[in-house]
Amino acid sequence: MKLSSQLSVSLLVFLIAVFLGSFLINIKLTQEYVHEQLATHAQDTATSLGLSITPYVSEDGGLPIAETMINAIFDRGYYQSILLSDLDGNQLVIRENPNKIDTVPEWFTDIIEVDPPVKETELSNGWNMAGYLAVKSHPGLANEKLWESIKQSAAMFSFAFAIAYVALFFIIRAITKPLSIVTTKISDIQRLEFSQIEYKPFTKELSFIVLAINKLSASVEAMFKELSEKAEQFKSIAFEDNVTGLMNRNAFKRHLNALLSSSAAGERGYLIIVRLAQLSHVNNMQGAAQGDEYLKRAVSVLQSLVSDYHDKANCFRVSGADFAICMEGIPQNECALRVEELAQKLSTVDMLKDGSKVVWVGGTEFTSGDSFSEVMEKADSALLASTRLDRCWQLASKLSYIQSNTEWRTRLNRIISHQHADIFLQPIINVETSSAIYHEGFARFKDVATNEYIPMSQLIPASERLNLIPKVDTLVTTLISRKLHGSNLSIAVNLSTASICDPEFTSWLSAFLNDNKEIGPQLVFEIEDDSLIHNKQSVIAFTNLVRSFKARITIEHFGANLASLTGLRAIHPDYVKISGNLTKDINESGDNQLFISSLVSIATSLQISVISELVESEEESSTLKNLKVINQQGYYHARPELWK
C-alpha cells in the first residue's frame with residue numbers, strides 16, 4: 001500500500017474515532033442535561049401542586065377538589081405520572097401517561113433510555129400530615145429534544161468530518177507528491193533514464209530526499225557511463241591482442257564459427273594460418289622486447305596486405321607466433337596468389353638473418369556447415385606441409401590432412417611411449433621476502449626422429465585434436481612427481497580442461513596420489529580459468545580430489561574471462577594467476593591498474609593469494625607491488641631453467 005494511502009486510512013480512522021468520541025460525549029452531556037431538567041420540572045410541580053391541594057386533602061370532602069386540581073396540572077403538563085396517597089400508603093389519586101412518542105423511533109428510546117426521577121413532597125396542614133404527592137415528568141419531550149439534538153449533531157459532525165477528510169486528503173497528496181515523484185524517478189533509474197527532478201517540495205525533509213535522489217541519479221549516470229567505458233575496455237582486453245592490436249583467438253573463434261554456422265550465406269572462403277618461424281628464437285636469444293618488435297613489424301606487413309584486399313578479409317593473432325586470416329568469397333587461384341604473396345612479403349621480416357626460415361603459411365577452404373575443428377585441422381595440416389617446402393606455403397588437400405593427423409599421432413605416441421621430457425622450472429617470487437612460493441614446471445618434448453624440441457603451440461593443439469592430451473598430462477605429472485621425491489621444492493603442473501573432465505585421467509591421478517601421498521603437499525595444479533565457466537562441476541570434483549591429498553590449486557589467466565569470477569567462491573583456489581594480457585606494461589595502463597586492483601580486492605576478500613605472470617621489467621614489478629600483487633612470475637625475476 002502506498003504511503004499516501006496508509007496516511008489517508010490512518011487519518012480516516014483517527015477522524016472517525018475523534019468524531020465518534022465527540023458525538024458520544026455530546027449525547028452523554030445532552031442526556032444528563034435533559035435528566036436534570038426533568039428532575040427539576042417534577043420537583044417544582046410536586047412542590048407547587050402539593051401546597052395547592054394540601055388544605056383540601058386534610059378536610060373531609062375536599063378530595064374531589066384536590067383531584068380536580070391534579071387533573072388540571074396533569075392535562076396541561078408533560079408528566080408520566082402523578083400519585084396522591086394517604087399516610088398509610090393508600091393511593092387516593094393516580095394519573096399516568098404511556099411512555100411513548102410518535103415523533104421518536106422506538107429503537108432510539110430503547111438505546112438512549114431516559115428514566116426521569118420521581119420527586120415526592122409531604123402534604124402537611126400545620127402540624128398534621130395529610131399525605132404524600134409523587135410527580136414523575138414524562139420522558140417523551142426529553143426524547144424528542146434529544147433526538148433532534150442528536151440529528152443536528154450528526155449532520156454537523158458528518159459535514160465537518162467530510163470537510164476535514166477532503167482537506168486532509170489534499171494535504172497528504174501535496175505532502176507525498178515528492179515521494180511519488182521520487183518513486184517514479186527510481187523506476188526511471190532502473191530503466192537507465194537519468195533525468196533530474198525539477199519539483200521542489202515545501203517540506204524540508206522531503207526536499208532533502210529529492211536532492212538526494214537527484215544526486216543519486218547523477219552518480220548512477222556517471223557510474224553507468226564509467227562501467228560502459230570499462231566494459232568496452234574489458235571487451236578489448238578479451239578480444240584484442242595487446243601487443244599487436246589485432247583481434248585475438250577468442251575473437252577469431254567467434255568470427256569463424258559465425259562463418260561456419262548453418263545460417264551463413266553458404267559462400268566459400270579460405271582460412272590462412274601464418275606462423276612466424278623465428279619468434280621463439282628471437283624471444284630466447286634477444287628477449288621479449290625484441291620479440292614484440294618482431295611481431296609488430298610482421299603485423300604491419302600483414303595489415304598492409306589485408307587492407308589491399310577488396311573482398312571481406314579479417315586478420316587475427318591466434319597464438320604466440322600464429323596468425324589467422326579469414327577471406328570470404330574468393331576463388332582458389334586468387335587465394336593461392338595471396339598466400340604466395342604473404343609468404344614472400346613476410347620473408348623480408350628477417351630478425352635473425354642466419355638463413356633460417358622466416359615464415360610458414362598454410363591455408364584451407366571452408367564453407368558453411370563445416371565444423372570448426374575440421375577446418376582448423378586442415379589448415380594445420382597445410383601449415384605442417386609448408387615446413388617441408390622451400391616456398392614455405394601450402395593449401396590443404398585431403399591427402400595432406402590425413403597425413404598430418406597420421407604424422408602427429410605417430411609423433412605423440414613416440415613421445416608417450418618414450419616416457420621422457422625435459423622439465424624446466426620458473427619460480428613464482430614473493431617480492432617482499434625474495435623467496436619462491438612455488439615453481440611452475442614446463443615440459444619440453446623432443447621429436448624422437450629429429451631430437452629437436454617440438455613447439456608447445458603445435459603439440460598441445462595436436463594432442464587435443466587427437467584426444468591424446470590426457471595421456472600427455474599423465475606423462476608430465478608422472479615425470480614431475482618422480483623428480484619431487486627427495487626434493488623440498490613445490491612444483492606446479494599445468495593440466496588441460498580435457499584431462500580434468502576425463503574420468504580415466506582423474507581415476508589414475510587419484511590412485512597415483514594415493515601411492516605418493518608424501519609429495520601431495522608439494523604439488524600445485526594449475527587450471528585454466530575458462531574451465532570455471534564451462535566445466536564448473538568437473539573442476540569442483542577435481543579440486544576436492546587433489547585437496548584430499550593436500551595438493552593446492554591455482555587458477556591461470558584470472559581476469560581474462562570475467563564470467564569465471566563467479567566460480568571462485570565455489571572452488572576457493574589457493575592461488576589465482578592474473579592473465580599476462582593484463583599485467584603486460586601495467587605501469588603504463590591506468591585502466592588495467594584499476595581493473596587489477598578490483599581483482600585483487602575480490603581475491604583477497606576470499607583469502608586467495610594473487611600471482612602475476614609475464615613480469616618482464618622493474619617498472620611492471622614495482623607497479624604490481626603497489627597494487628598489492630606481491631607474488632610475481634616472469635623474466636624480470638627468473639627465466640625458466642632446466643631441472644637437473
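The exercises below work through aromatic pairs, one helix and one sheet of a predicted model.

Residues are numbered from 1 along each chain as its sequence is written, and side-chain values use heavy atoms, with hydrogens and water left out. Because the model is predicted, local features need pLDDT of at least 70 and side-chain atom pairs count only at pLDDT 80 or more, while totals for chains, interfaces and linings use all residues.

**Exercise 1.** Classify the ring pair Tyr-438 and Tyr-575, and place both residues in the structure.

Solution. Rings of Phe, Tyr and Trp (its six-membered ring) pair if their centres lie within 6.5 Å; planes under 30 degrees apart are stacked, over 60 edge-to-face, and the rest tilted. By this rule there are seven aromatic pairs. For Tyr-438 and Tyr-575 the centres are 5.3 Å apart and the planes stand at 55 degrees, so the pair is tilted. Next, locate them: Tyr-438 is in strand 11 (residues 435-444) and Tyr-575 in strand 15 (residues 575-578), so the pair ties together parts 137 residues apart in sequence. Helices (H or I, at least four residues) and strands (E, at least two) are DSSP runs, numbered from the N terminus. Lastly, both Tyr-438 and Tyr-575 are buried (under 20% relative accessible area; exposed is over 50%, partly exposed in between, with a 1.4 Å probe and protein chains only).

**Exercise 2.** Do the same for Phe-505 and Trp-508.

Solution. The ring centres of Phe-505 and Trp-508 are 5.8 Å apart and the planes lie at 35 degrees, so this pair is tilted. Both residues belong to helix 15 (residues 503-515), three residues apart, or about one turn of the helix. Phe-505, at 2% relative accessibility, is buried, whereas Trp-508, at 26%, is partly exposed.

**Exercise 3.** Is helix 10 largely enclosed or left open by the rest of the structure?

Solution. Helix 10 (residues 372-386) has 15 residues. Twelve of the 15 are buried, so helix 10 is largely enclosed by the rest of the structure. Among the buried residues are Phe-372, Glu-377 and Asp-380. Phe-372 also forms one aromatic cluster with Phe-252 and Phe-316.

**Exercise 4.** Which strands stand at the edges of the open sheet of four strands?

Solution. The strand order is 2-1-4-3, with antiparallel pairing (two strands pair if DSSP finds at least two bridges between them). Strand 2 (91-96) and strand 3 (118-125) are at the edges with a single partner strand each, so one side of each lacks a neighbour in the sheet. Inside the order, six bridges join strand 1 (residues 79-85) to strand 4 (residues 128-137); Leu-83 has Ala-134 in strand 4 as its bridge partner.

How values were computed
The expected span of a helix is 1.5 Å times one less than its number of residues.
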